[in-house]
Amino acid sequence: MRLLRVPARLVTPRLILRTWRAEDRPAFTALNADPMVMEHIMGTPMSQAESDQLAERIDEHWQKRGYGLYAVELRSTGELAGFIGLHQHLAVPQEVEIGWRLSPNAWGRGLATEGAMAVRDLAYGQLRLRSLIAITVAANVRSVRVMEKLGMTYWRQVQFQEWQLTVYRGIPDAMTDTQSQARQEAR
């Protein structure tokens with residue numbers, strides 16, 4: 001496996017996508033404990049221990065692969081709003097997934113799409129990935145809509161644990177002409 005390196009920070013018009021800091025843990029725990037956020041992910045809120053384990057897996061992924069899930073900070077307030085980035089999902093480990101999880105106060109404003117477009121452009125540009133996938137459950141229409149805005153199309157269903165997952169796939173040629181205007185800034 002070759003190590004791919006991405007910038008530690010991406011900036012979009014309304015977001016800062018950056019590597020994680022120790023002080024992000026309380027807000028990350030609160031995000032993962034929110035029943036609305038977790039409805040289509042685990043079905044139930046995460047405990048602090050589960051959230052801490054996820055944070056450790058995110059850190060390990062960055063160390064092992066040179067990319068991962070970015071912490072998402074709102075430029076206007078500095079508030080941690082969730083994450084957006086790249087990783088390997090256990091359901092389809094041979095593929096690179098683009099994923100996001102944002103707090104409800106960030107929903108409905110196009111922030112997931114804005115951040116995901118910046119990450120998509122990075123994946124296809126700098127990393128030269130030939131495809132990306134995104135995974136959700138069919139009932140998560142908000143995430144499906146973001147996938148479609150990224151130029152992704154339905155690929156297949158995958159059974160994973162107790163979940164029937166819907167997998168979308170995108171390739172660079174399928175990118176829409178709404179390229180993100182993210183500026184990459186090395187930290």
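Student: Which residues of helix α1 (residues 25-33) are buried?
Tutor: The model is predicted: local features need pLDDT of at least 70, side-chain atom pairs count only at pLDDT 80 or more, and totals for chains, interfaces and linings use all residues. Numbering runs from 1 along each chain as its sequence is written, and side-chain values use heavy atoms, without hydrogens or water. Buried means under 20% relative accessible area, exposed over 50%, partly exposed in between (1.4 Å probe, protein chains only). In α1 (helices are DSSP runs of H or I, at least four residues, and strands of E, at least two, numbered from the N terminus), the buried residues are F28, T29, L31 and N32.

Student: Why do the buried residues of α1 line one face of the helix?
Tutor: Look down the axis of α1. The arc is taken from the directions from the helix axis to the C-beta atoms. The buried residues line one face because they fall within an arc of 160 degrees.

Student: What do the buried residues of α1 pack against?
Tutor: Contact means heavy atoms within 4.5 Å. The packing partners of α1's buried residues are α2 (35-38), α3 (48-65), β4 and β5.

Student: Is I84 buried or exposed?
Tutor: I84 sits in strand β4 (residues 80-87). Its relative accessibility is 0%, so I84 counts as buried.

Student: How far apart are the C-alpha atoms of I84 and R101?
Tutor: Along the chain, I84 and R101 are 17 residues apart. Their C-alpha atoms are separated by 6.6 Å.

Student: Which residues have the most contacts inside the largest nonpolar core?
Tutor: A nonpolar core is a set of buried Ala, Val, Leu, Ile, Met, Phe, Trp, Tyr and Cys residues joined through side-chain atoms within 4.5 Å. The largest one has 50 residues. Its largest share, 9 residues, comes from α4. The residues with the most contacts inside it are L86, I98, W100 and L132.

Student: Which residues of α5 does W100 contact?
Tutor: Leave aside neighbours within four places in sequence. W100 then contacts residues including F83, I84, A112 and A116. Helix α5 spans residues 141-149. Among W100's contacts, these buried α5 residues appear: S143, V146 and M147.

Student: Which exposed residues does α5 carry on the face turned away from its buried side?
Tutor: The buried residues of α5 are S143, V144, V146 and M147. They fall within an arc of 160 degrees, so they line one face. Their cover includes β5 (97-102), α4 (111-124), β6 (132-136) and β8 (163-170). The face turned away carries the exposed residues V141 and R142.
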